[in-house]
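I opened the notebook to look up a few local features, one after another, and to write down only what I could read from the coordinates.

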Amino acid sequence: MPHDILNSSDVIFDAVPDGVLIADIKGQILRVNRQLTELFGYTREQLLGQTVETLIPDRFGKVHARHREAFSKNPSIRDMGPEMQLIGKRRDGSEFPVEIRLGPISSADQTLFITVIRDRTKQIKLEQAFSELLNTAPDPTLISDETGTIVRANRAAEKSFGYSCEELIGQSIDMLVPDRFRHHHDQLRHQYNNHPSARYMGEGNELFARRKDGSEFPAEISLGPMKYEDGLLITSAVRDITERKKLENNLQQRAEALERSNQELEQFAYIASHDLQEPLRIIGSFAQLLHSRYQSQLGEEADEFIHYIVDGAKRMQDLINDLLLFSRISTRAQEFTTIDTDAAIKLALDNLRFAIQDKNATVTVEQAPDVVGDSSQLTQVFQNLIANAIKFCAENTPVVHISAQDKGDTVTFVISDNGIGIDPQFGERIFKIFQRLHGRGDYSGTGIGLAVCKKIIERHGGRIWIEPNQPTGTQFHFTLPKAHATAEDTPC
C-alpha cells in the first residue's frame, strides 16, 4: 500500500470536518478518519477491512455495489447531493441523510477511492424550519436564483398564483409576470443582480402579477438578496393589493362626490346670501311698516301676528347668515399662517365690546403662544365662545377668563365662565348643528355657533370639549397647533 496515502499523518487526516474513508476498487475500507468513526458509531478497527456497504442500509446494498463497480470502470470526481437522497446507516442501525463527494486516487500499483461523507441531518432540519417559516408568511413569497429560476415557493404563493410548488420550482419567475411586462422585467432583474439590496417596489409604479389562469392582480413587491457560496438568491414577497385598490378607487369616488357636494353647497350659500335674503328683507320691511302704521288699529290679535312675522323673518335671516358662515368654513377658508394669538383675542373682544359693556362683563386674558391657522376663523372661535359665556350667565355679572397651556407641539386654550353651566351628559350634543339646550324664549341664537367652533377647530387638526368650572359655570377647552420659531424669528 503506498506510504504517502495510507500512512500520512493522522492529524492531517482527522482535521477534515467531514467523515472520510479510503477504499479499494472492491469497496474494502483501508482507512477512515476520526469524524467518520464518530458519525457512524464504529471504531477504526471495526471498519478497517469491511466493505463500504457496511455503512449503507441493507436494502440499498446490492444497488450500491453495482454503482461502485460501474464507477471503478470510469473513475472521476463526482458529487452526489441532496437530489439523490442518499442514506447512511450507523452501527446501531439508525439511518441519516448524507451527501457524498467521491474521487479516485491513483498510485503505482492500484487505484483507490476517497469518499467524503457529510451528515445532512442538521441541514434538513434547517431547511424544514425555513420552509415552515416561509409558509407562515401571509404574502406569496418566492425565492429565485440569479437567472430568475424559482427554487422555493410558499403555500401562499400556491394559493395566490394557482400553481403548485412542484409547478413553480425550476421555472422562470417571468411566468408570473404579464406578457407585456416581461422584457422590461428581464432588464430590471439584471440591474438588480448587479446591485442587490433590500427594495420595495410598488409605490409610484403600477405593478401586476399573473395567475395560472391568465388573470392578473395589482401587486406590491419587496425584494431581498441572500448571498451564499454558489451565488445569489432573491426573495420576492408579493402582496395582492386588489382590495386596497378597490378601497382607493372608492375613496377617490367619494372624494370627487364630496368635492361636487362642496361645490353645490357653495352654490347654495351663494343663493342663500342673495336670492333668499332679498324676499326676507321685503317680508321684514313690510311687516315693520304694518306695525308702525297700523299698530293698535287692527286689534291686539293683529299686532301679535305682525310681531310673529317680524320676529320670524329676523330669525330666518339670522339662520341663513349662520348657515352661510358654517358652509364657508371649508369653501372660503384661508391658508394657514403664523397667528399672533393675543391679537386674535383682542380683535374678538373689540367685536364684542357692546355686549361686554351691556352686561358689565369682566374678561381677563393671559398671554398666549402664537399658533398656526386661519386668522379670521380663529378670531371667530374666540368670539363665539366669549359671546356664549356672556350670554349664558343668568343674573350674575359675567366673569370670563382666557388662559393657554403650552403643550410643546400644541397649545390648549381654556375659556372659563361663571355662567349657568352645562351638564356633562350634553358634552357632545351641544357641538351638533341646531342643537339647543334651552328654549328660544330663554336665550337667543340659532344653535349653530358651537358647531361652527367645532368645525373650525377640527379643520386645524385640534379638538374641543367642555369641563365643569367650579363652583359654577363651564370651561371650554380646545387645542391648536403651536407655531415654532424659525431661524429668521430667533433673536441674535
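I began with T37, which I found in helix α3, a run covering residues 34–40, in what is a predicted model. I then looked up the accessibility of T37, and because its relative value is 10%, below the 20% cut-off, I entered T37 as buried. For the surroundings of T37 I left aside residues up to four places away in sequence, and I noted that T37 touches V32, Y42, T43, R44 and L47. I also looked up the polar side of T37, where a polar atom of its side chain lies 2.6 Å from the backbone oxygen of R34.

Next I turned to the strands. I noted that β14 (residues 362–365) pairs with β16 (residues 399–406) in the parallel sense, over four bridges, and that V363 has V400 in β16 as its bridge partner. On following β16 further, I found it joined to β17 (residues 410–417) by seven bridges, with these two strands running antiparallel; here A404 has F413 in β17 as its bridge partner. I then checked the hairpin that β16 and β17 form, which has three residues between the strands, and recorded that G408 takes a positive phi near 100 degrees there.

Last came the cysteines. How many disulfides does a search of the whole structure find? I recorded zero. I looked up the accessibility of two cysteines as well: C165 counts as buried because its relative accessibility is 15%, and C453 counts as buried because its relative accessibility is 0%.

How values were computed
Residues are numbered from 1 along each chain as its sequence is written. This is a predicted model: local features need pLDDT of at least 70, side-chain atom pairs count only at pLDDT 80 or more; totals for chains, interfaces and linings use all residues. Side-chain values use heavy atoms; hydrogens and water are left out. A disulfide is a pair of cysteine sulfur atoms within 2.5 Å. Buried means under 20% relative accessible area, exposed over 50%, partly exposed in between (1.4 Å probe, protein chains only). A polar contact is a pair of N or O atoms within 3.5 Å; within protein, one must be able to donate a hydrogen and the other to accept it, and residues adjacent in sequence count only if both atoms are side-chain atoms. Contact means heavy atoms within 4.5 Å. Two strands pair if DSSP finds at least two bridges between them.
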